[in-house]
Amino acid sequence: MGKVIMFANQKGGVGKTSSCIEIGYILMQQGNRVLLIDLDAQCNLTDSLGIEHEADGRDTVFDCVMENRTFKECVKPCREKLDVLPGSRMMLSQYFVGNGDIRRLKKAVEKIQEEGSYDYILIDVGPEGGNLMTMALMASDYVIAVATPAKLAYSGIIQMIADIKEGQENYKGFDVKPLGILINAGRKTNVGFLNRERYAELTEFFAAPFTTEIKNSCVMDECKEFGVPLSEYRPGNIIVSEYEDIVSEIRDRIGA
């Protein structure tokens with residue numbers, strides 16, 4: 001059965017979408033069958049891969065979660081072993097207000113897993129908290145916190161830890177496991193070192209930061225403009241090598 005990993009932080013602009021795409025693409029290159037789910041109402045993952053989607057939610061993750069359409073009717077092939085469940089502007093917590101709604105994504109993912117088609121299912125979540133975040137945590141086996149070494153990104157992880165604790169207390173089958181903190185745009189400043197120390201201290205409540213950090217580079221913006229992963233656009237780039245190291249560490253941590 002495929003592993004379900006979500007990328008999250010209740011702070012925007014920390015590199016969640018880029019990390020989800022690059023890690024998914026590298027896993028595909030390694031021979032795995034991968035599904036990317038865009039759960040962010042901004043639809044950045046979908047747009048970054050040049051995939052068209054309907055604003056009203058038709059044939060997107062919204063239709064799939066609401067059981068208006070089947071997964072096969074909504075999923076879009078992206079590469080030979082890489083598929084995408086497109087995002088929708090309708091994916092907001094205001095549409096998922098009841099306790100029963102919390103399990104909608106989990107039910108959809110379980111149906112996908114039953115088919116046995118995917119080795120990895122990666123979920124990109126926006127910075128919005130509330131029921132949408134809880135839905136994603138409920139549906140996932142693991143969560144990676146993506147962050148920059150800054151105070152607001154640290155605060156976003158603290159909020160997510162609170163959501164995990166609340167989910168564990170209130171919902172049966174809420175079994176998500178913290179996998180690590182992925183640090184993006186790691187500048188070597190005093191503030192950066194302070195926040196790296198804060199992340200290291202979170203191991204009691206979350207999981208240790210990954211050994212490799214991802215450098216800041218404008219080439220990531222170029223990839224989004226042309227709708228291709230960096231590993232395809234600039235395969236020899238140092239950031240690709242950094243993401244490959246992250247993937248190795250992810251697989252080691254899951255195995256452990």
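**Group meeting: the cavity and the overall fold**

I will start with the lining of the largest cavity: five of its residues are nonpolar, two are polar and two are charged. What you have in front of you is a predicted model, so please keep that in mind throughout.

Which residues are these? The lining is made up of Ser18, Ile21, Glu22, Ser48, Met220, Cys223, Lys224, Val228 and Pro229. Two helices, α1 (16-29) and α9 (219-226), each contribute at least two residues to the lining.

How much space lies in the largest cavity? About 60 Å³. With a cut-off of 30 Å³ or more, the count is one cavity.

Now the chain as a whole. The protein chain has 11 helices and seven strands. Along the principal axes, its C-alpha atoms fill a box of roughly 50 × 40 × 35 Å. For 256 residues, a compact globule would have a radius of gyration near 18 Å, and the protein chain comes out at 17 Å, so the two agree.

Next, burial and surface. How many of the 256 residues count as buried? The figure is 54%. The exposed area of the protein chain is about 11300 Å², with 47% of that supplied by carbon and sulfur atoms.

Last, contacts. If we take contacts between residues at least 6 apart in sequence, 81% of them join residues at least 24 apart. The cavity gives a local case to look at in the viewer: Ser18 and Pro229 are both among the residues that line the largest cavity.

That is what I have on this one.

Note on methods
Residues are numbered from 1 along each chain as its sequence is written. This is a predicted model: local features need pLDDT of at least 70, side-chain atom pairs count only at pLDDT 80 or more; totals for chains, interfaces and linings use all residues. Side-chain values use heavy atoms; hydrogens and water are left out. On a 1 Å grid over the protein atoms alone, a cavity is a set of points where a 1.4 Å probe fits but cannot get out, and a pocket is an open set with protein on both sides within 12 Å along at least five of seven lines; lining residues have an atom within 4 Å of a point. Grid points are joined across faces, edges and corners, and a volume is the space filled by probe spheres set on the points. Helices (H or I, at least four residues) and strands (E, at least two) are DSSP runs, numbered from the N terminus. Ala, Val, Leu, Ile, Met, Phe, Trp, Tyr, Cys and Pro count as nonpolar, Asp, Glu, Lys and Arg as charged, and the others, Gly among them, as polar. The radius of gyration is taken over C-alpha atoms; the globule rule is 2.2 Å times the number of residues to the power 0.38. Buried means under 20% relative accessible area, exposed over 50%, partly exposed in between (1.4 Å probe, protein chains only). Contact means heavy atoms within 4.5 Å. Accessible areas come from the Shrake-Rupley method with a 1.4 Å probe; for residues, only the protein chains shown count as cover.
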